[in-house]
Amino acid sequence: MKDPSKSSPVSPLKRSRLPPYLLALLAFILIVTVLYGQTFSLIFGHPRPHTLGQPPDKVKPRLAFAVGETARDCDVFSGKWVKDDGSTRPLYQESECPYIQPQLTCQEHGRPDKDYQLWKWKPHRCALPSFNATMMLEALRGKRMMFVGDSLNRGQYVSFICLIHSVIPENAKSMETIDSLTIFKAKDYNATVEFYWAPFLLESNSDNAVIHRITDRIVRKGSINKHGKYWKGADIIVFNTYLWWITGSKMKILRGSFESQVKDIVEMNTEDAYRMTMKNMLRWIRKNMDNEKTRVFFTSMSPSHAKSEEWGGEPGGNCYNETAPVEDPTYWGSDAKRSIMRVIQEEFNKSSTPITFLNITQLSHYRKDAHTSIYKKQWNPLSPDQLANPASYADCTHWCLPGLQDTWNELLFAKLFYP
């Protein structure tokens, strides 16, 4: 009998009882997994928590709907306006989009020039992705997109519908408005794109989309759920609120109910009231939106051009008869935007809620030429004095379509798919 202590060592291959070719295959798989694990994880939809070579705490989680990312040195909101030769602008014709309200159809109401339709936004360090309606609709298949806010957000909403509707057959789309909610349906995609009128986001005495007065505004404290119940379930939501906050330095805040016979109303500094609303909005998003499936955007302030002295124009003028953008790259205007922007920045920075900020303020500031001015439906008869002085009734707040707000949606498209 052999002495076990003197027997030849057992080969690892024999101990494992696995054939050599299978062990070699397993070793190859192990090496490939180590080297290319990140690529595999992206292919199969389970990205690693951080990018190779970067510490985990420096990388943001992958966002819903994203298919790529913007280069690190690219700020799509910093750039300049360049005039197109008409080959790529406008992105659609006013006469071909039946969804534009008469308040925004400038050509139909006699605007003599079309240059405002031809300006294209060019970021300084990169190219802005072209809006792709088919790609957008495929991303929305079986989903719900919603714009929430005031008439400027409604303008962006209408622009968005104009950008996508042409690729949808006539019998496969519809639009209807019920109270504060407008719904555009793309039937073949089982998708809806909606607009919800809520100029303050919180409940207010201006919640009727037709009957409201900005000068008598009252906002109910802590009342975002009054409207928020209609926003639940949205896969993409685009908020805005600004215009209705800037009439006067004080806001009337209701503590209690609008139904109460005796109303407890206090005055609050506009910045403090706006901060209260931002806190309410961020809290609502945190409680009601699934970060892994939904995307939330906030569109910054849309500027007005009511004083031509601000950009070096004649005293007493405004956007009326303006046909070209402001050329000064440092132009910012002089209204209340700065303080409101600061409030937004402070509250967003404190929040852990993922939200994409669409900073359209600076780039829109240049576009004194893009407002509806006098070229819109006038709901009330104009007096002889007004007719003699068109600048006196020019709308220097809202924007012609097609025009500037199509660029807002190009930026939305870029940040949705390439954050």
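Two strands count as paired if DSSP finds at least two bridges between them. The exercises below apply this to a predicted model.

**Exercise 1. The neighbours of β3**

Task: Determine how many bridges join β3 to strand β8, and establish which strand pairs with β3 in the parallel sense over 6 bridges.

Solution:
- Step 1. Strand β8, residues 236-239, is joined to β3 by 4 bridges, and the two strands run parallel.
- Step 2. Within this pairing, Met 145 has Ile 236 of β8 as its bridge partner.
- Step 3. Strand β6, residues 191-197, pairs with β3 over 6 bridges, also in the parallel sense. Here Gly 149 stands opposite Trp 197 of β6.

**Exercise 2. The sheet as a whole**

Task: State in which order the 7 strands of the open sheet are arranged, and which are the edge strands.

Solution:
- Step 1. The order of the strands is β4-β5-β6-β3-β8-β11-β12, and the pairing is mixed.
- Step 2. The edge strands, each pairing on one side only, are β4 (173-178) and β12 (356-358).
- Step 3. On average, neighbouring strands of the sheet are turned by 15° against each other, direction ignored.
- Step 4. An antiparallel pair is formed by strand β5 (residues 181-186) and β6, with 6 bridges. Leu 181 has Tyr 196 in β6 as its bridge partner.

**Exercise 3. The two sides of β3**

Task: Decide which residues of β3 point one way and which the other way, and whether they are buried or exposed.

Solution:
- Step 1. In a regular strand, side chains alternate between the two faces of the sheet.
- Step 2. Arg 144, Met 146 and Val 148 point one way from β3, while Met 145, Phe 147 and Gly 149 point the other way.
- Step 3. Buried means under 20% relative accessible area. Of the 6 residues of β3 (144-149), 6 are buried, and the strand is mostly covered.

**Exercise 4. Helices on the sheet and against each other**

Task: Identify which strands α10 touches, and describe how helix α4 and helix α10 pack.

Solution:
- Step 1. Helix α6 (residues 270-288) lies across β8 and β11 (295-299), at about 165° to β11.
- Step 2. α10 also packs on the sheet, where it touches β3, β8, β11 and β12; its direction makes about 145° with that of β11.
- Step 3. Helix α4 (residues 151-164) packs against helix α10 (residues 404-417) at an angle of about 75°, with the axes 9 Å apart.
- Step 4. Angles of 65 to 115 degrees count as roughly perpendicular; α4 and α10 are therefore roughly perpendicular to each other.
- Step 5. Among the residues in this contact are Leu 152 and Phe 160 of α4, and Trp 408 and Leu 412 of α10. By class, the contact has 5 nonpolar, 5 polar and 1 charged residues.

Definitions and conventions: Residues numbered from 1 in each chain as written. Predicted model: local features only at pLDDT ≥ 70, side-chain atom pairs only at ≥ 80, totals over all residues. Heavy atoms only, no water. Axes fitted to C-alpha atoms, helices over the stretch in contact; angles between N-to-C directions. Parallel < 35°, antiparallel > 145°, perpendicular 65-115°, else oblique. Contact = heavy atoms within 4.5 Å. Nonpolar A, V, L, I, M, F, W, Y, C, P; charged D, E, K, R; others polar. Buried < 20%, exposed > 50% of the residue type's maximum accessible area, 1.4 Å probe, protein only.
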